[in-house]
Amino acid sequence: MTALAWLIPAALALGLLGLVAFLWALRTGQFEDLDGAAYRILDDDEPPNEERDRDGSQE
Amino acid sequence: MAFAVDIDPGAAERTATGEPLERPQAKPESAVLAIENMNCGGCMRKIERVLEDAPGIASVRANLSAKRVTVAFDPQNTGTETIIQTLAEAGFRAANLAHNNLDDSNRADRDLLRRLAVAGFAAANIMLLSVSVWAGLASDMDAEIQSLFHWLSALIAIPTVAYSGQPFFRSAATALNAWRLNMDVPISLALLLATGMSLVQTMRGTEHVYFDASVSLVFFLLIGRYLDQSLRSRAKGAAQNLIGMKSGWATVVADDGTTERLPARALLPGMRVLVAAGERIFVDGVIQSGRTDIDEQLITGESVPRSAGHGDQVFAGTVCLTAPIEVKATAADNDTLLAEITRLMETAEQNKGRYVRLADKAAAFYAPVVHTLGLVTFLAWMWVGAGWEAALITAISVLIITCPCALALAVPAVQVAATSRLFNRGVIMTAADGLERLSEIDTIVFDKTGTLTKGTPELMNGDEISEETLSAAAALATKSRHPYAQAVLRAAEASGLRIVPADEVIETPGAGLTRRISGGGEERLGSADWCGVDRDPSVADDARAAASLWYRPAGGGAATAFRFVDALRADAADTVEALRSTGFGVVLLSGDQEAAVKSAAATAGIEDWFARQRPDEKIGQLKRLEAEGRCVLMVGDGLNDAPALAAAHASISPASAVEVSQIASDGIIQGLRLAPLTETIAVARRTRRMSLQNFAIAATYNAICIPLAMAGFVTPLIAAIAMSASSIVVTANALRLTTAKLKL
C-alpha cells in the first residue's frame, strides 16, 4: 500500500510530463514544417543568427 | 474531401494598402509568401540566405511542407514587392498571401491534435489502472484499493471525455438540430452513458466500471478525425497558394509610353502589360511584341515550354521564361482562365460534399432502432413492476452493449487496411471517402499529356543519328535547361556516350544554342530556323515538319534532325485493355491537338476520344456521361484537369501532376506505371464488400446480445467481453485485406 502511494503519483506525473512536452512542442510550432526540418539538420554551416551578426560586426 | 476555396475579395485591397512605403511608422511588418518552386532543402536554404542578406529584413523562416516563407521586415527599408523581386532574381517565383484566413485550418488541426494527445494520455493511464483491477479480480486485491483505482480512473476519464469528446458531441448536436442522424449521435450517446453509468457504479462501489472503454473509444475515433482534418487543411493551403499566384504587381504601359506598376487586381482588359523574363503573366491576352518561351505547366501540365510571339495567346498563371514580351490583356482578374479554373473547382468540390458515406447511411438506420429498443426495455421493465432504478440500469446496459464500437470500427478498420495496402503498392489515398466512391465507378476518363503519356519528351529517332553527332549535340545540350536539350542529353547518356560539356555556349531564348569553334565557324543546336534548315533545299518539307530540333556542325555540314515523342507510359495499353475487358468504359479527354490525341488513343486502344477540350468542356463531357447513368473516375494531371478531377465521382492523378490537381484528386499514383490504377479499383471494390461484411458481423452480434440484454441476463462483465470480441472480429476481418489476392 505504501508503495502504491508513490508509484501511482509517479506514473501519473511521468504521463503528464509527456503530455505537457507534446503540448509544448505543438504550441512552439515543432510540427509546422516536417519536410523542412529533415533538411535543416543536414545544413551544418548555417550559423545561428547571433553568431552571424557578430561576424558581420567584426568585418 | 471537402475543399473550401476562400476567395477573399478584400485581400487585394489589403495587400495594396498594406504596401509598407505608404505607412509612416517603422513598426516591423510581416508577410507570408507562397513560393511555387521551393521543392527541396537546397531551395529552402537558398531562399533564407538570399533574404537574410537583403536590406531591411528582420527574420526569415521558410516552411518547406507548406511551400511558404514568413518574413518580418522593416517597412521603411523594404516592402513585399521588393522582397518578391529579390526572390525572383534568385530564381524563385513568389506571391504574397493575405494572411488573415491562413491560420484557420491550421488552428482546427492543432485543436484536434491537442484533444488527441489528452485522450491518448488518459487512455494509457486508465488502461494501466484497469489492467491492475482485472488482475486483482483473480488474486487478492482489497475492495478499498479497487475502489481507489476506480476513483482515479473517474478522475482522469471524466475531464477527458468532456474535453476530447467535444468534436463528437458538437457534430451530433448539429445533426440533431437539423433533424438528421449521423454516426456521431450513437457515439456521443454511448460515450455519455458509459461514462455516466461507470461513475454511478464507482459511487456504489460495484466491481465493473467502463472508463477504459469510453476513453479508448474517444482516442481511436480522434485518430481518424485528425488524419481526415489534416488532409483537408493541406488541400486548403495549396488552394490558397494558387490564389496567391493571381496576385502580384505588373508593369503597365500607357499610351504615351510611360510605365506604371499596378497590382494584378487593378488590371483591365485592353491594357498593355510588360512582362519581364522570369515574371508571371497576370492576364489572359495576346502578345503584341517580343518572342519568348512560355512555361504553361501550371495550366496544362505540359513540361515543354511553348515558344510564343506576336499574335499568340497567353494565359494568366503562366510564366514568361526567356525574353521580355508585351501583352495586350483580353481578360483580367476574375475573368482569366486561372480564375475560372479556381471557380470551377470550388463548385465541383461543393457538389462532392453532398456524398453520404456508408457509415452515416448505416447510422441513420441503426441509431433510431437501438434507441427505440432502449426505450422499449425501460418501459417494459417498468410495466412488469421492476422499479425505475432496475429498469433504467437494464435499459442503459442495452444501449452500452449496442455501443457502436464494432459499427464505428466496421468501415474505418477496412479503410485503414486498404489504404496501407495501396500505400505499399505506390498509391496514396488522400480523400477519406475516396475508396467508397471509387468502388462505384464504371467508366474511366483519361487525360492524355502526363497521364497516359509520361509528360516529358523522348528522343524518337536515336537510331538514325550517328554517335559522333549525338555526343556533339549533347555537349552543347549540357548548357541548356530546355526539355528537348535534356532529352538529347538523356539519350546520349543512355547509349553510353562520354559527354564533355562544351564551353562558351550561348543560348538564344526561343531559338537555340551556338558555340564558336576555335578553327573557325560555329556549331548550332536549335529550331529549324536557327540551324538554317528552312532555307536548305536538301531537306524535305515533311522531314522539316516532323522534327522539333536540329543540329548543324561547324563548317556547314548537313543538318541532323532530332524527333521527339511524348511516349505513352509503358503499360498504358495493357491497363486500358485490362479495364475494358472487365467491362469498364474508357474515354480519352485531352486539351491537345486532334492528330496527337487520335494517335495516342489508337496506341492505347481507346475508341472514345475528344480533342481540344477546355476545362469547362471537360466538365461538360463528365456531365454528359453522368446523364447517361455512368459513374466516372477521372484520371488527370494538369491544372486544366483540376476542375474535372474535382467534379468527377472519383479521381486519381499521377505523382507528377501539378499540386492543385493532386489535391483535387482522391488518390495519387507514384511511379511511371499505370498498373496501380487497376489495383486501386480492385481494392476499392473489395473494401466496399468487406465493409458490408463487417456491418453484417456487427449486426449478428447485436442480434444475439440485444435480446439477452433486454431480458436482463447480461452482466456488465459479459457485456464488456462481448463488446471487445465483436470489435476484435471486425478488425481481424479487415486485416485480411492487406494480404488478400485481388482481381479486377
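## Helix H11 of chain B

In this predicted model, helix H11 of chain B has a buried side made up of Ala359(B), Ala362(B), Ala363(B), Tyr366(B), Ala367(B), Val370(B), Gly374(B), Thr377(B), Phe378(B) and Trp381(B). The helix covers residues 358-383, 26 residues in total. From its first C-alpha to its last, H11(B) reaches 38 Å, close to the 38 Å expected at 1.5 Å a residue.

Follow H11(B) along and you will come to a bend of about 30° at Ala364(B). A proline, Pro368(B), follows within four residues of that bend. Just after the helix comes Gly385(B), a residue with a positive phi of about 80°.

## The nonpolar cores

Now for the cores. The largest nonpolar core contains 146 residues. Val215(B), Val445(B), Leu633(B) and Ala648(B) are the members with the most contacts inside it. Helix H24 of chain B, residues 676-710, provides the largest share of this core, with 11 residues. Two domains of chain B, domain 2 (249-335) and domain 3 (384-454 + 567-744), each contribute at least three residues to this core. A second core, separate from the largest, has 29 residues, and Ala475(B), Leu476(B), Ala528(B) and Trp550(B) are among them.

Val445(B) is a good place to zoom in. Leaving aside residues up to four places away in sequence, Val445(B) touches Val587(B), Leu589(B), Leu622(B), Val632(B), Met634(B), Val635(B) and Ala648(B). Of these neighbours, Ala648(B) also appears among the residues with the most contacts inside the largest core.

## Chain A

Chain A has 59 residues, and buried residues make up 2% of them. Its secondary structure consists of 3 helices and 0 strands, so to speak a simple α-α-α run from the N terminus on.

## Where the two chains meet

Which helices of chain A each supply at least two residues of the side that touches chain B? They are helix H1 (2-27) and helix H2 (34-40). H1(A) gives the most to that side, with 9 residues.

Looking at both partners, 17 residues of chain A are in contact with 18 residues of chain B. On the side of chain A that touches chain B, the residues divide into 10 nonpolar, 3 polar and 4 charged.

Note on methods: Residues numbered from 1 in each chain as written. Chains lettered and ligands numbered in written order. Predicted model: local features only at pLDDT ≥ 70, side-chain atom pairs only at ≥ 80, totals over all residues. Contact = placed C-beta atoms within 7 Å. Nonpolar A, V, L, I, M, F, W, Y, C, P; charged D, E, K, R; others polar. Expected span 1.5 Å × (residues − 1). Bend = angle between axes of the 7 residues up to and from the residue. Buried ≥ 20, exposed ≤ 12 C-beta atoms within 10 Å, placed from the backbone. Core = buried A, V, L, I, M, F, W, Y, C linked by C-beta atoms within 7 Å. Domains from an automatic or database assignment.
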